[in-house]
Amino acid sequence: MLVPENEQFPTIEEEKFERLNSYIQNAKSKNTQKSYAADWKHFTEWCKVNNRNPLPASAGTLCLYLSDLAETHKYSTLRRRISSINMVHKFKRHLPPSQHIEVQALLEGIKRENGTQHEPKRALMLQVIPDLMNKIDITTLIGLRDKAILLLGFALASPRSELVAINIEDLEVNDFGMDVRIQDTKTKQDDLIKGVVFTHNEFCPVKATQEWIKAGGFTSGALFRAIDRHGNVKDRLSDQSISLILKKYIGELGLDVNDFAGHSLRSGLSTSAAMMGMTEIAIMKQTGHKSREMVDRYIQAGLRYRNNASSILKEL
């Protein structure tokens with residue numbers, strides 16, 4: 001029987017390749033394959049949102065991705081994600097991106113700071129704010145700065161790197177509160193404008209920010225700046241300082257400083273807002289999260305105590 005000229009059949013080499021690929025796929029269990037697929041999907045979605053190329057992934061792309069993950073995930077999860085990303089690269093004949101020295105150094109730094117058995121830091125809940133503010137001596141320049149940092153940091157729910165990147169020029173007060181331009185330090189895309197409302201009480205982040213600017217005599221440049229022990233104002237504050245400032249007053253409250261970090265401000269706003277019935281969209285709009293996965297754990301923690309069946313014990 002003659003084969004029609006326009007009919008295509010797989011070559012022997014193609015059949016061997018398909019069979020070989022099947023064997024390779026079956027080298028891993030179905031559960032492992034599902035984990036690889038889920039991890040790769042998460043990575044590619046993150047790359048899409050952040051305008052990055054997932055394949056081949058550069059050292060910079062993987063470092064930014066891992067830095068984001070380190071704020072909310074365990075170290076073991078980071079290692080698994082890297083393994084999945086490496087596997088895809090190997091199958092596509094690309095070098096595993098984790099071989100870059102920058103990625104290895106970042107992982108070592110995350111391991112040292114967060115530990116291999118990383119537990120998420122506690123959220124700074126709204127109810128703690130008054131007691132925290134009472135520990136700040138606002139008769140000093142440092143106190144005025146610290147109050148502004150903690151209140152504005154909580155209200156903006158921004159990562160600490162974005163908080164310290166704010167300039168005086170990024171602030172615009174209006175009838176409702178204050179617009180804050182958040183510089184996109186990661187992807188260099190269009191900046192995000194966040195609104196912070198007037199609360200008309202002693203915990204107003206807008207008022208605290210204005211008082212700090214007035215006391216410092218600032219007209220332009222960095223909003224939050226370092227101050228030495230002699231009261232001299234220095235350069236822009238480092239992002240690590242946000243954690244140290246928060247821990248200082250947390251310790252004075254008698255709480256364990258190891259339970260909190262700079263990220264506690266960000267998670268605190270998300271969790272507290274969820275507990276008070278704020279919508280997921282409203283929370284994500286303020287935090288700037290583009291992925292539900294990153295913010296959903298905070299929202300779920302906040303919703304855990306709303307309309308909770310155990311509350312019937314109050315009726316006793």
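A residue is taken as buried when its relative accessible area is under 20%, and as exposed when that value is over 50%. In the predicted model described here, C47 has a relative accessible area of 1% and is therefore buried. C63, at 16% relative accessibility, also falls under the 20% limit and so counts as buried. A search of the whole structure for disulfides nevertheless finds 0 of them.

With respect to the overall architecture, the protein chain contains 13 helices and 5 strands, and buried residues account for 40% of its 316 residues. Of the contacts in the chain that are formed between residues at least 6 apart in sequence, 59% join residues that are at least 24 apart.

The nonpolar interior was examined next. The largest nonpolar core comprises 41 residues, within which L150, L223 and F224 have the most contacts. Two or more residues are contributed to this core by each of the helices α6 (129–134), α7 (141–156), α8 (160–164), α9 (205–216), α10 and α11 (263–275), as well as by strand β2 (177–182). Among these elements, α7 gives the most, with 8 residues. The surroundings of F224 can be described in further detail: when its neighbours within four places in sequence are left aside, F224 is in contact with R145, A148, I149, L152, L163, W212, R236 and L237. A second core, separate from the one just described, consists of 20 residues, and Y65, Y75, I82 and I110 are included in it.

Aromatic side chains were then considered, and 4 aromatic pairs are present in the structure. In the pair formed by F43 and Y65, the ring centres lie 4.9 Å apart and the planes meet at 75°, so the arrangement is edge-to-face, the angle being over the 60 degrees that this class requires. This pair connects distant parts of the chain, since F43 belongs to helix α2 (residues 30–49) and Y65 to helix α3 (residues 59–70), with their positions 22 residues apart in sequence. Both partners are removed from the surface by the accessibility criterion: F43 is buried because its relative accessibility is 0%, and Y65 likewise counts as buried at 0%. F43 and Y65 also take part, together with W40 and W46, in one aromatic cluster.

A further group of contacts involves V233, which lies in strand β5 (residues 233–236). With a relative accessible area of 33%, V233 is partly exposed, because this value lies between the limits for buried and exposed residues. If residues up to four places away in sequence are not counted, V233 touches L141, F218, R225, A226 and I227. Two of these partners are themselves associated, as R225 lies over the face of F218 at 4.1 Å from the ring centre. V233 is also 9.4 Å from I142, C-alpha to C-alpha, although the two residues are 91 residues apart in sequence. In helix α10 (residues 240–252), S241 is found, and its relative accessibility of 16% means that S241 counts as buried. The side chain of S241 is joined to that of S238 by a polar contact of 2.9 Å.

Finally, several features of the backbone deserve mention. Most residues other than glycine have a negative phi, and most peptide bonds are trans. The peptide bond from L55 to P56, by contrast, is cis, with omega near -5°, and P56 is placed in the loop between α2 and α3. A positive phi, near 65°, is found for R93, a residue other than glycine, and R93 is located in the loop between α4 (75–91) and α5 (101–114). The relative accessible area of R93 is 70%, so this residue is exposed. H200, again a residue other than glycine, likewise has a positive phi, near 55°, and its position is in the loop between β3 (192–197) and α9. At 72% relative accessibility, H200 is over the 50% limit and therefore counts as exposed.

Terms used:
Residues numbered from 1 in each chain as written. Predicted model: local features only at pLDDT ≥ 70, side-chain atom pairs only at ≥ 80, totals over all residues. Heavy atoms only, no water. Phe/Tyr/Trp six-rings, centres within 6.5 Å; stacked < 30°, edge-to-face > 60°. Helix = DSSP H or I, 4+ residues; strand = E, 2+ residues; numbered from the N terminus. Buried < 20%, exposed > 50% of the residue type's maximum accessible area, 1.4 Å probe, protein only. Lys NZ or Arg CZ within 6 Å of the ring centre and 35° of its normal. Polar contact = N/O pair within 3.5 Å; in protein donor to acceptor, adjacent residues only side chain to side chain. Disulfide = S-S within 2.5 Å. Core = buried A, V, L, I, M, F, W, Y, C linked by side-chain atoms within 4.5 Å. Contact = heavy atoms within 4.5 Å.
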